[in-house]
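Reader: I should be grateful for a close examination of a single part of this model. Please treat its residues one by one and then place that part within the chain as a whole.

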Amino acid sequence: LAFGAGYLSKRKLIGRFKSTLINTFRIQSNAAVHKTMAANNKKEEKEPDESKQPDKKSEEMNLQNQNEKVKAKPEILPEPTYWPFFLAMGIAFLGWGLLTTWLISLAGFIILVVSLIGWINILRHE
């Protein structure tokens, strides 16, 4: 909205978006994040010409630090299963049966219950 209203230039908008993404993925306390954001805002106000290229070495160091700190969660993924497919199929049959006949709804409900029980049993045993 701010870009459309003319309050920001395209470069400033891209710069703020980039700094927001970088600050989002850093593991810092909230106070440190607010300090860096305030510093970035002051820097943008002081430097109207943003044609300077950032130092490549500092960017590479930042990327390496971010890759070391962030780990994917969960680290152990569950085994793949077909139960979600059958659950979705049961829901689809249930909805289709509401439009047509109660027999299709009954079949959809049965598929839904059986697939839900199967999926929960697999998750309990992992």
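Author: I111 has a relative accessible area of 24% and is therefore partly exposed, since that class lies between the buried limit of under 20% and the exposed limit of over 50%. The residue belongs to helix α6, which is the part examined here in this predicted model. Leaving aside neighbours within four places in sequence, I111 is in contact with F86, M89, G90 and F93. Its C-alpha atom also lies 8.3 Å from that of I91, a residue 20 positions away in sequence.

Helix α6 spans residues 102–125, and S115 is another of its members. The relative accessible area of S115 is 1%, under the 20% limit, so this serine is buried. Two polar approaches can be described for its side chain. One is to the backbone nitrogen of L87, reached at 3.4 Å. The other involves the backbone oxygen of L112, which lies 3.0 Å from a polar atom of the S115 side chain. When residues up to four places away in sequence are not counted, S115 touches W83, F86 and L87. F86 thus appears among the contacts of I111 and among those of S115.

S105 is also found in helix α6. With a relative accessibility of 12%, it falls under the 20% limit and therefore counts as buried. A polar atom of its side chain lies 3.3 Å from the backbone oxygen of G97, and the backbone nitrogen of L98 is 3.2 Å from a polar atom of that side chain. Beyond its neighbours within four places in sequence, S105 is in contact with F93, L94, G97 and L98. F93 is listed for S105 and also for I111.

The contacts described above can be set against helix α5, which covers residues 83–99. In the chain, confidence is highest in this helix, with a mean pLDDT of 95.

The exposed side of the description concerns L103, which likewise lies in helix α6. Its relative accessibility of 52% is over the 50% limit, so L103 counts as exposed. Together with W102, L106, I110 and V114, L103 makes a nonpolar surface patch of about 540 Å².

A further residue may be considered outside the helices. E79 is found in the loop between α4 (56–69) and α5. This glutamate has a relative accessibility of 63%, over the 50% limit, and therefore counts as exposed. The C-alpha atoms of E79 and E126 are separated by 8.8 Å, although the two residues are 47 positions apart along the chain.

For the chain as a whole, there are six helices and zero strands. Buried residues account for 12% of its 126 residues. Of the contacts with a separation of 6 or more, 53% join residues 24 or more positions apart. The accessible surface of the chain comes to about 10900 Å², and carbon and sulfur atoms contribute 65% of it.

Finally, the confidence of the prediction should be stated. The mean pLDDT of the chain is 76, and 58% of the residues reach 70 or more. Confidence is lowest in helix α1 (residues 2–5), where the mean is 54. Where pLDDT is low, predicted coordinates should not be read in detail.

Definitions and conventions
Residues are numbered from 1 along each chain as its sequence is written. This is a predicted model: local features need pLDDT of at least 70, side-chain atom pairs count only at pLDDT 80 or more; totals for chains, interfaces and linings use all residues. Side-chain values use heavy atoms; hydrogens and water are left out. Helices (H or I, at least four residues) and strands (E, at least two) are DSSP runs, numbered from the N terminus. Buried means under 20% relative accessible area, exposed over 50%, partly exposed in between (1.4 Å probe, protein chains only). A polar contact is a pair of N or O atoms within 3.5 Å; within protein, one must be able to donate a hydrogen and the other to accept it, and residues adjacent in sequence count only if both atoms are side-chain atoms. Contact means heavy atoms within 4.5 Å. Accessible areas come from the Shrake-Rupley method with a 1.4 Å probe; for residues, only the protein chains shown count as cover. Patches are made of residues with over 30% relative accessible area and no salt bridge: like charges are joined within 9 Å, nonpolar side chains (Val, Leu, Ile, Met, Phe, Trp, Tyr) within 5 Å. A salt bridge is a side-chain nitrogen of Lys or Arg within 4 Å of a carboxyl oxygen of Asp or Glu. pLDDT is the predictor's confidence in each residue, from 0 to 100.
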